[in-house]
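User: Hello! I am new to reading protein structures and would like a close look at a single part, with some help finding my way around.

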Amino acid sequence: MNDVTRADFDVVMTPNYAPAPMVLVRGSGSRVWDQDGREYVDFAGGIAVNALGHASPELVEVLIDQAKRLWHVSNAFATEPSIRLAKQLVAATFAEQVFFANSGGEANEAALKLARRYAFDRQGAEKAEIIAFNQGFHGRTFFTVSVGGQTKYSDGFGPKPGMITHLPFNDLDALGDAFSDQVCAVMVEPIQGEGGLVAADPVFLRRLRDLCDKHNALLIFDEIQSGMGRTGDLFAYMGYGVTPDILTTAKALGGGIPVAAMLTTTEIGSSFVVGTHGSTFGGNPLSTAVAGKSLEIINQSAFLAEVTRKADRLFEGLAAINESRRLFREFRGKGLWAGCVLSHDYAGQSKTMADAALDQGLLALRAGPDIVRFAPALNIPDEDLDEGLARFERAVNAVRFDG
Ligand SMILES: *Cc1c(COP(=O)(O)O)cnc(C)c1O
């Protein structure tokens, strides 16, 4: 008998999640097992987190090694793994300085506070407006849900932080009218993840860059889901050729250990003077040691080329599966990051489809009611990719939509 069960979850956890009906106990590579010993192919990847699969031997080794040395000393003291990881991130990107946090929402919170403080320092309190986009997702802190573009996450919690303007994503016309010298920052996902794998038009990102330059505003790219090799580029901005002033990364950064980073330039970073911002756990040696290894593995051209090759295999497989029943009207996304958009006839049925996948032994994600989302490990072996696709095909053939 198990000492804890899925039924216990509903009793002792606040009801803000609705997890699948089993309890997972173990993972290895791109496979996981539940309490009953049933095995699953993992196309969910812990929501684009487990970039190197489960129990990656290289990450486990670093974790154990660091666990024996030093876990935590607080930010009153410097440690080697965080300095090393910051140097790696600076070497790999546009950035010159790094702030570490524990989650994506916190990294975005830091980015928004830094942008406001930078504007406040240089131009005064008036310059505080933040522009963001409908359907954007930036985390669950109160500031980040307010900047995020989905009222279902932000409303009903009392008065929201002000001076935040939401615009339609990819709409060039809306941009021109909205910009003024009051704008201190624009926060945008180059490819919206939770919003449904919607890629920014390159022209749209370039226009944002131009408008930010013109109005002295900071361009913040939230690459918490799109970053760390997910698209086949280390960060999606590299594929676009549009460079932000601040970039946030989390999810895959630690390959499963909680860690996040906000990257910026020395000039902008200078507004975070001693005492302006902080985190007890942010940048702790345990998580930054693991993230350092994860970044080292992912940031190699051969590794990233493999992501693109596997992505072709994934998207080709999905297109082939769709030929029989035509449940999907589009497969979108980039790299090992796919949004399977249900046809209009099956709108609102992404949960039914994801449940059908689970019945066949495949872990899948959703992005809203109409999209089944996949974000498997970036190093998923071809045979696991093929097996996952085979299970998805069985799910597509077996699923029955009611109502
Ligand atoms: C997941 C996500 C976040 C929030 O990250 P947490 O670690 O859950 O706080 C923010 N932005 C984007 C784009 C994300 O995908």
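What volume does the second largest pocket have? Please start there, and then show me what else is worth seeing around the structure.

Analyst: Happy to help! One thing to keep in mind from the start is that this is a predicted model. The volume of the second largest pocket comes to about 600 Å³. There are 31 residues lining this pocket, and Asn75, Val98, Phe99, Phe100 and Gly282 are the ones closest to its centre. If you find those five residues on your screen, you are looking at the right spot.

Next, see which elements build the wall. At least two lining residues come from each of helix H4 (80–92), strand S4 (97–101) and strand S12 (260–264). Strand S4 gives the largest share, with 4 residues of the lining. As for chemistry, the lining of this pocket holds 17 polar and 14 nonpolar residues, and no charged ones.

Now compare that open pocket with enclosed space. Rolling a probe the size of a water molecule over the atoms shows where empty space is left. The search gives 1 cavity of 30 Å³ or more, and the volume of the largest cavity is about 30 Å³. Around the largest cavity you will find Gly136, Phe137, His138, Gly139, Thr144, Val145, Gly148, Gly149, Gln150 and Tyr153. By class, the lining of the largest cavity has 7 polar residues, 3 nonpolar residues and no charged residues.

From empty space we can turn to packed side chains. The largest nonpolar core has 89 residues, and those touching the most other members are Phe133, Leu208, Met353 and Phe392. Helix H13 (residues 301–325) supplies the largest share of this core, 8 residues. Where does the core sit with respect to the domains? The core lies between domain 1 (6–56 + 301–398) and domain 2 (58–298), because both of them give residues to it.

Cysteines are a good next stop. How many disulfides does a search of the whole structure find? The search finds 0. Take Cys212 as an example: the closest cysteine sulfur, in Cys184, is 9.8 Å from the sulfur of Cys212, so the two are too far apart for a bond. Cys212 counts as buried because its relative accessibility is 1%, under the 20% cut-off. Cys340 is buried as well, with a relative accessibility of 0%.

Finally, here are a few loop residues to click on. Ala55 is not a glycine, yet it has a positive phi of about 50°. You will find Ala55 in the loop that runs between helix H2 (45–48) and helix H3 (57–69), and at 49% relative accessibility Ala55 is partly exposed. Asn170, another residue other than glycine, also has a positive phi, near 70°. Its loop lies between strand S6 (164–167) and helix H8 (172–178), and Asn170 counts as partly exposed at 28% relative accessibility.

Lys160 sits in the loop between helix H7 (151–154) and strand S6. With a relative accessible area of 39%, Lys160 is partly exposed. From Lys160 to Met238 you count 78 residues along the sequence, and the C-alpha to C-alpha distance between them is 34 Å.

To close where we began, go back to the second largest pocket and pick out Phe99 and Phe100, two of the residues closest to its centre.

Terms used. Residues numbered from 1 in each chain as written. Predicted model: local features only at pLDDT ≥ 70, side-chain atom pairs only at ≥ 80, totals over all residues. Heavy atoms only, no water. Disulfide = S-S within 2.5 Å. Buried < 20%, exposed > 50% of the residue type's maximum accessible area, 1.4 Å probe, protein only. 1 Å grid on protein atoms, 1.4 Å probe; cavity = no way out; pocket = protein on both sides within 12 Å on 5 of 7 lines; lining within 4 Å. Points joined across faces, edges and corners; volume = space filled by probe spheres on them. Nonpolar A, V, L, I, M, F, W, Y, C, P; charged D, E, K, R; others polar. Core = buried A, V, L, I, M, F, W, Y, C linked by side-chain atoms within 4.5 Å. Domains from an automatic or database assignment.
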